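These are my notes from a session with the model, kept in the order in which I looked things up.

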Amino acid sequence: MSRSTRKLHLAVAQLGPVQRADSRAQAVRRLLAMLEDAAARGARWLTFPELALTTFFPRWDLEDPAEIRGFFETEMPGPETQPLFDAARQRGIGFSLGYAELDGDTQYNTSILVGPDGRILGKYRKIHIPGDAQSRSGAALQHLEKKYFAVGDLGFPVWKTEDAAIGMCICNDRRWPETFRVMGLQGVDVVMLGYNTPSGYVQWNEPIHLRMHHHLLSLQAAAYQNACWVAAAAKAGIEEDSPMIGGSAIVAPTGEVMVRTFSEDDEVINFVCDLSVCDHYRANIFNFAAHRRPEHYGLIVSRTGAGAPLSAG
């Protein structure tokens, strides 16, 4: 395949804050406006953020089951989200969309991949769930994803579309190298990532400037070490008095940030990606078949937490 046939126009739709009083219809209108913007620029695929249809409700310790269920989708598309699928089909642009999913009695933090024909191609459920299952006494901020979401049960699949091999992950997943390596071993070309990341971390007094540093570090290392493009979309700005980082970006397999958002508001960024760069890195420095040594990686799957050195005793 020639280099010219390996070009893919990607876009990222950063979403400014969605407040608790905002309706799904309001959120969808904003997403639609950015989808139209991306399509007008010629983009073929668009990444939306994590939990794009609602405010980031895990910041609260909610008790009313009806109130909690109100943040979750029981069908996709539903009446309020159908316009996104219709617009994708009309404009010939695919997208990933993050939302809270209710599957029977189980709640997931989910992202779906929708093709340029408006059909759902695949689903991913967040695996690395951060935060707490119970509120922390005296904490200024709460992060209760473990209370609201089960660990995803679909693994890290990659979908072979007509344009590229595409995978998805969500927020905290990006900090774990296993996320991208599993997709890298499937020949992923593009990873679409949505996130909601607070500026002030809630579990220890980490300097705020490290939020963006670690975010970009994770994207750049993952893209480089797995020979793929990463398209990362934030929900950003001051949402319910809680500041969240922006930093939405498209990162190349070289590890370079090719384009990044300027604001913490609704903003579309785009880049024409050369997918043959993935091929180059996979054939050379990250030629997995030639250089990986899985016989020495057993601890990665046999241990969850850190333990004693194998040479001890």
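I began with the surface of this predicted model, and found that the accessible surface of the protein comes to about 13700 Å², with 53% of that area belonging to carbon and sulfur atoms. I then turned to burial, where 53% of the 313 residues of the protein count as buried.

For the overall dimensions I noted that the C-alpha trace spans about 60 × 55 × 40 Å along its principal axes. I checked the radius of gyration as well: the protein has 19 Å, which agrees with the value near 20 Å that a compact globule of 313 residues would have.

Next I listed the secondary structure, which comes to nine helices and 14 strands. I also looked up how the contacts are spread along the chain, and among those between residues at least 6 apart in sequence, 70% join residues at least 24 apart.

I searched the whole structure for enclosed space and recorded one cavity of 30 Å³ or more. About 50 Å³ of space lies in this largest cavity. Its lining is made by 13 residues, and those nearest its centre are Phe 48, Ser 111, Cys 169, Leu 193 and Gly 194. I asked which elements give two or more residues to that lining, and they are strand E3 (94-103), strand E7 (165-170) and strand E8 (190-195). By residue type, the lining of the largest cavity divides into seven nonpolar, five polar and one charged.

For open space I went to the largest pocket, which holds about 660 Å³. I counted 16 residues in its lining, with Pro 177, Glu 178, Ile 300, Val 301 and Arg 303 the closest to its centre. Helix H5 (177-184) and helix H9 (298-302) each supply at least two residues of the pocket lining, and that lining divides into eight nonpolar, four polar and four charged residues.

My last entry concerns Leu 84, which I located in helix H3 (residues 82-91). Is Leu 84 buried or exposed? I set its relative accessible area of 0% against the cut-off of under 20%, and Leu 84 is therefore buried. Leaving out residues up to four places away in sequence, I found that Leu 84 touches Val 28, Leu 31, Leu 32, Leu 35, Phe 48, Phe 95 and Leu 97. One of these, Leu 31, is 53 residues from Leu 84 along the chain, and I noted that the C-alpha atoms of the two are separated by 7.7 Å. Another name in that list, Phe 48, had already appeared in my cavity entry, among the residues nearest the centre of the largest cavity.

Note on methods:
Residues numbered from 1 in each chain as written. Predicted model: local features only at pLDDT ≥ 70, side-chain atom pairs only at ≥ 80, totals over all residues. Heavy atoms only, no water. 1 Å grid on protein atoms, 1.4 Å probe; cavity = no way out; pocket = protein on both sides within 12 Å on 5 of 7 lines; lining within 4 Å. Points joined across faces, edges and corners; volume = space filled by probe spheres on them. Helix = DSSP H or I, 4+ residues; strand = E, 2+ residues; numbered from the N terminus. Nonpolar A, V, L, I, M, F, W, Y, C, P; charged D, E, K, R; others polar. Rg over C-alpha atoms; globule rule 2.2 N^0.38 Å. Buried < 20%, exposed > 50% of the residue type's maximum accessible area, 1.4 Å probe, protein only. Contact = heavy atoms within 4.5 Å. Areas by Shrake-Rupley, 256 points an atom, 1.4 Å probe, with all protein chains shown as cover.
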